[in-house]
Amino acid sequence: MQASPPKDSLSAQLSALLAECETARSVFMEGDPSASQPAWLPEGVLRDSEVGAIAKRLEPPRAALAILSADWLQAAAKARRLERDLASLRDLYAEGIVAIADTECPLAPSQWRALGFRPWWHDADSGITLQGFNLYDYKQRPDWLNAKYWANPELWDVYRW
């Protein structure tokens with residue numbers, strides 16, 4: 001029997017995220033798709049290195065979760081397509097994105113924030129940070145955005161506009 005990873009380990013965090021999603025609707029982007037499959041990655045998850053190839057293989061229009069490996073981030077940065085591919089994944093192909101950013105990550109924290117990502121988990125020993133984006137809660141809803149300030153049915157007969 002294999003020992004389960006500590007609750008605060010990277011593999012435990014990623015396993016927990018994958019457990020919340022449908023495996024068939026998950027994507028793992030890696031720099032070298034011929035590499036062996038990570039132990040924490042369940043069978044059935046789509047694996048590739050090109051965003052366009054993943055988009056063609058997705059059954060529903062969006063993946064539930066896309067996990068981006070640190071080597072994919074570096075390979076995409078070398079090819080000068082990192083920000084474009086992150087924006088494509090965010091806007092078109094994935095409801096949620098988790099990027100494994102290590103100490104050699106090509107993006108600074110301010111660049112992650114500019115793309116709508118937030119730090120979800122950080123390991124101080126290894127310097128690894130999980131940068132996350134969730135389509136459904138990436139933007140905090142402002143107080144003024146509600147029916148109270150937009151529709152005033154009590155004033156419909158009082159004013160004409």
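Start your tour at helix 4, residues 82–93, and select its buried residues: L82, D85, L86, A87, L89 and R90. Keep in mind as you look around that this is a predicted model.

With those residues still highlighted, bring up their surroundings. The buried residues of helix 4 pack against three helices and three strands that you can select by number: helix 2 (51–57), helix 3 (70–78) and helix 5 (109–114), along with strand 3 (65–68), strand 4 (96–101) and strand 6 (128–134).

Next stop: the aromatic rings. How many aromatic pairs does a search of the whole structure find? There are 2. Select W112 and F117 to see an edge-to-face pair, with 5.0 Å centre to centre and 70° between the planes. Both W112 and F117 are buried.

Now keep F117 and add F133. These two form a tilted pair, 5.8 Å centre to centre and with 45° between the planes. F117 sits in the loop between helix 5 and strand 5 (118–123), while F133 belongs to strand 6, so this pair ties together parts that are 16 residues apart in sequence. F133 counts as buried because its relative accessibility is 3%, under the 20% cut-off. Show W112, F117 and F133 together, and you have a cluster linked by ring pairs.

Leave F133 selected for the last stop, since it is among the residues lining the largest pocket. Add L17, E20, C21, A64, L65, E95, G96, W120, N134 and Y136 to complete the lining. By class, this lining has 7 nonpolar, 2 polar and 2 charged residues. The space inside the largest pocket is about 160 Å³.

Key. Residues numbered from 1 in each chain as written. Predicted model: local features only at pLDDT ≥ 70, side-chain atom pairs only at ≥ 80, totals over all residues. Heavy atoms only, no water. 1 Å grid on protein atoms, 1.4 Å probe; cavity = no way out; pocket = protein on both sides within 12 Å on 5 of 7 lines; lining within 4 Å. Points joined across faces, edges and corners; volume = space filled by probe spheres on them. Nonpolar A, V, L, I, M, F, W, Y, C, P; charged D, E, K, R; others polar. Buried < 20%, exposed > 50% of the residue type's maximum accessible area, 1.4 Å probe, protein only. Helix = DSSP H or I, 4+ residues; strand = E, 2+ residues; numbered from the N terminus. Contact = heavy atoms within 4.5 Å. Phe/Tyr/Trp six-rings, centres within 6.5 Å; stacked < 30°, edge-to-face > 60°.
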